[in-house]
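The following note is offered to a colleague who is meeting this structure for the first time. Its points are numbered so that each may be checked against the display.

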Amino acid sequence: MGQFEIFKEYEADRWFERNKEALKPKEDVIVWLLGLYGLLNKDSKVLEVGASNGYRLAKLYEKYGCTCVAVEPSQKAVKDGMDKFPFIKFHQVAAEEMGFGEEFDLVIVNGVLSWIDRKNLFKVVDNIDKALKRGGYLLIGDFQLPFFVKNPYHHIQDEAYTYKQPYKNMFLSSGSYLELASICYNHDTKDFENIDLGNLFCVSLLRKQSLYLLQDKVL
Ligand SMILES: C[S@@+](CC[C@H](N)C(=O)[O-])C[C@H]1O[C@@H](n2cnc3c(N)ncnc32)[C@H](O)[C@@H]1O
């Protein structure tokens, strides 16, 4: 079984079972950063990819009354979310399988890209980009090391990996995204001062906008 199948068939459910007690609406760095930039209101349409039971979307709905859509492959997480947060529209699919078209003002993808099967990474980046309106915002939270590291996924030794790398650069180097903010911290300790590079976790806020200048205006 490949990494995509492992997560889709059982590991997404297992992750939910291991973590479900903590998956309750709360303030976190992402919710705080979105508030700081004043990005959301009741007319905003928000997609979270790998949303688990939708606990973060539920917090955003509570604060802004925005339209919330969740993509999540775990059947157990989706069932829990549909029971607890009926105002969220759930799609029980993987990021590789979603097919939205430039309809969201904000896409959140937190702690998910490091799990994606490498053969699907461009596909997932493309699906995220296609889901987002021009002028919309992308929030990527992940182990965004300035280099490339893979680690055996300790819950399924030797069969799957987590990948740490500068994910925001995949969007920034396209010329279609502007970086507005990045907040980095040690994922394990939540410490800003003593950042252990292996656990460097960054929440990055990008805006989808063209960065191209006409050559005759530059030269
Ligand atoms: C580390 S958890 C993060 C959950 C949530 N985004 C958060 O910030 O707490 C990773 C989530 O991604 C989901 N996931 C795993 N593979 C995925 C895929 N291919 N597409 C979308 N979501 C996936 C998992 O089921 C899980 O809910």
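1. The axes of helix α1 and helix α4 (residues 75-84) approach to within 7 Å, and their crossing angle is roughly 50°. That angle makes α1 oblique to α4. Please bear in mind that this is a predicted model.

2. Which residues bring the two helices together? From α1, the residues D13, F16 and E17 meet Q75, K76 and A77 of α4. Sorted by class, this contact of α1 with α4 consists of two nonpolar, one polar and three charged residues.

3. Helix α1, which spans residues 3-19, also has a part in the surroundings of the ligand: with three residues, this helix gives the most to the shell. The ligand is surrounded by 20 residues, and the closest are A12, G50, A95, N110 and G111. By class, the shell divides into 13 nonpolar, five polar and two charged residues.

4. The strands deserve a separate look. Seven of them form an open sheet in the order β3-β2-β1-β4-β5-β9-β8, and the pairing is mixed. At the edges stand β3 (88-91) and β8 (177-186); each has a single partner strand, so one side of each is left without a neighbour in the sheet. On average, neighbouring strands of this sheet are turned by 15° against each other, direction ignored.

5. In general, the strands of a sheet pair through backbone hydrogen bonds, in either a parallel or an antiparallel manner. How do β8 and β9 pair, and over how many bridges? The sense is antiparallel, and nine bridges link β8 with β9 (residues 200-208). One bridge can be located by its residues: Y177 has K208 in β9 as its partner.

6. A last point concerns Y153, which lies in the loop between β6 (149-152) and β7 (161-164). Is Y153 buried or exposed, or does it fall in between? With 19 other C-beta atoms within 10 Å, Y153 counts as partly exposed, because a buried residue would need 20 or more.

7. The contacts of Y153 complete the description of this loop residue. Leaving aside residues up to four places away in sequence, Y153 touches A160, Y161 and T162. Q165 follows at a separation of 12 residues along the chain from Y153, and the C-alpha atoms of Y153 and Q165 are 15 Å apart.

Terms used:
Residues are numbered from 1 along each chain as its sequence is written. This is a predicted model: local features need pLDDT of at least 70, side-chain atom pairs count only at pLDDT 80 or more; totals for chains, interfaces and linings use all residues. Two strands pair if DSSP finds at least two bridges between them. Helices (H or I, at least four residues) and strands (E, at least two) are DSSP runs, numbered from the N terminus. Axes are lines fitted to C-alpha atoms, for helices over the stretch in contact, and angles run from 0 to 180 degrees between N-to-C directions. A residue is near a molecule or strand if its C-beta atom, placed from the backbone, lies within 6 Å of it. Ala, Val, Leu, Ile, Met, Phe, Trp, Tyr, Cys and Pro count as nonpolar, Asp, Glu, Lys and Arg as charged, and the others, Gly among them, as polar. A residue is buried if 20 or more other C-beta atoms lie within 10 Å of its own, exposed if 12 or fewer, and partly exposed in between; C-beta atoms are placed from the backbone. Two residues are in contact if their C-beta atoms, placed from the backbone, lie within 7 Å. Angles under 35 degrees count as roughly parallel, over 145 as roughly antiparallel, 65 to 115 as roughly perpendicular and the rest as oblique.
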